[in-house]
Amino acid sequence: MSTNQTTTAKATERHRATERRTQESSEHRDERLRLQRERSRAAREQHVARYRAQDQERQQTSRALTLSPQLRNDNLQIVISADKTPSGEHAGRFNAPTVEEVAIIMVGDPVDNRAIKITRRDSTVHVISDLHRSYDALQYPLIFWQGQDGYHINIKQVHPVTGNETNKKVSSMCYYAYRLMIRNNQDNYILRYRQLYHQYVVDMYAKIESERLRFLRFNQVKLRSEDYIHLRDAIIGNNDENLNINNIGNAFILPSSYIGSPRNMQEYVQDAMTYVRHYGRPDLFITFTSVLILKVLMPERCVKADIPY
């Protein structure tokens with residue numbers, strides 16, 4: 001065998017050895033990544049299971065502390081009579097609903113906290129705020145008949161990948177959107193309570209709006225409300241001194257991000273005017289009528305126009 005053939009054979013052998021090491025290192029890397037993913041998944045599942053166990057234990061402890069010693073051992077029975085009216089109460093407050101719509105009237109300052117007052121058997125009164133974890137169960141005992149915890153301000157967000165808690169907190173809107181979500185292969189029992197479900201949704205919407213307004217009230221510095229001069233103009237414009245400064249009150253600025261605020265409506269108007277300035281005034285006002293509406297309201301027109309049913 002010549003020297004060139006020997007050198008070529010050695011080079012080929014070294015190349016094959018390098019390929020085998022590369023293949024082995026690639027398989028080793030894939031195996032290491034697979035094991036790392038499995039360990040991360042196991043750690044995440046273990047963290048979620050531990051968090052659920054702690055939450056269940058916290059709920060049991062909260063229920064045990066909420067109930068008085070007399071109620072812990074007594075067997076209670078709840079009787080609901082639809083045709084009965086409590087003594088001294090107006091009968092109109094307990095009538096059965098006759099319409100499908102549900103509305104709410106927020107009396108007083110919508111920013112103020114709502115609360116439930118509980119009178120125990122020992123005549124002590126406890127006030128449960130709407131931000132307390134037991135508020136939903138006390139307000140809707142038919143829905144949360146097991147006394148499940150509801151929304152409170154100390155719920156932490158969880159990282160979707162690692163499953164670890166973050167420093168950010170869950171807002172009431174995100175919490176109730178999660179509770180009312182329709183999921184595949186899961187039965188959301190809250191959606192089965194009919195009119196009570198409607199009342200629950202409207203009530204929780206009022207809580208969400210109160211939380212938003214409360215945030216805006218206590219974060220006016222972040223909104224730079226001192227840049228607005230409405231209050232200063234009211235004081236300076238008091239030339240005849242007929243205005244009592246004590247009756248002016250505090251000015252709270254609602255930003256354009258708050259739906260329904262004057263700045264939000266003004267922003268929509270400015271957007272509409274932008275379209276008019278760019279494209280010109282509208283020439284046509286076009287309306288569309290669905291075929292399904294015609295079938296229900298005017299079936300004879302569907303027959304005349306040969307619209308298939």
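Show the surface of the whole chain to begin: its accessible area comes to about 25,200 Å², and 54% of that belongs to carbon and sulfur atoms. Keep in mind as you look around that this is a predicted model.

**Stop 1: the whole chain.** Switch to a cartoon view. You should find nine helices and four strands. Follow the chain along its sequence and the pattern reads α-α-β-β-α-β-β-α-α-α-α-α-α. Of the 309 residues, 18% are buried. Now think about contacts between residues with a separation of 6 or more: 48% of these involve residues 24 or more positions apart.

**Stop 2: arginine 179.** Next, select helix H4, residues 172–179, where you will find arginine 179. Is arginine 179 buried or exposed? Arginine 179 is buried, yet has no salt bridge. The nearest side chain of opposite charge belongs to aspartate 136, and that is 6.2 Å away. A salt bridge would need the charged atoms within 4 Å. Now show what arginine 179 touches: leaving out residues up to four places away in sequence, its contacts are Phe144, Asp149, Asn188, Tyr189 and Ile190.

**Stop 3: helix H7.** Move on to residues 262–279, which form helix H7. How far apart are the end C-alpha atoms of helix H7? Try the distance tool: they are 26 Å apart. That agrees with the span expected for 18 residues at 1.5 Å a residue, which is also 26 Å. While you are here, a general point: an α-helix has 3.6 residues a turn, so residues three or four places apart point the same way.

**Last stop: glycine 280.** Step just past the end of H7 and select glycine 280, which takes a positive phi of about 95 degrees.

Key. Residues numbered from 1 in each chain as written. Predicted model: local features only at pLDDT ≥ 70, side-chain atom pairs only at ≥ 80, totals over all residues. Heavy atoms only, no water. Helix = DSSP H or I, 4+ residues; strand = E, 2+ residues; numbered from the N terminus. Expected span 1.5 Å × (residues − 1). Buried < 20%, exposed > 50% of the residue type's maximum accessible area, 1.4 Å probe, protein only. Lys, Arg positive; Asp, Glu negative; His and termini not counted. Contact = heavy atoms within 4.5 Å. Areas by Shrake-Rupley, 256 points an atom, 1.4 Å probe, with all protein chains shown as cover.
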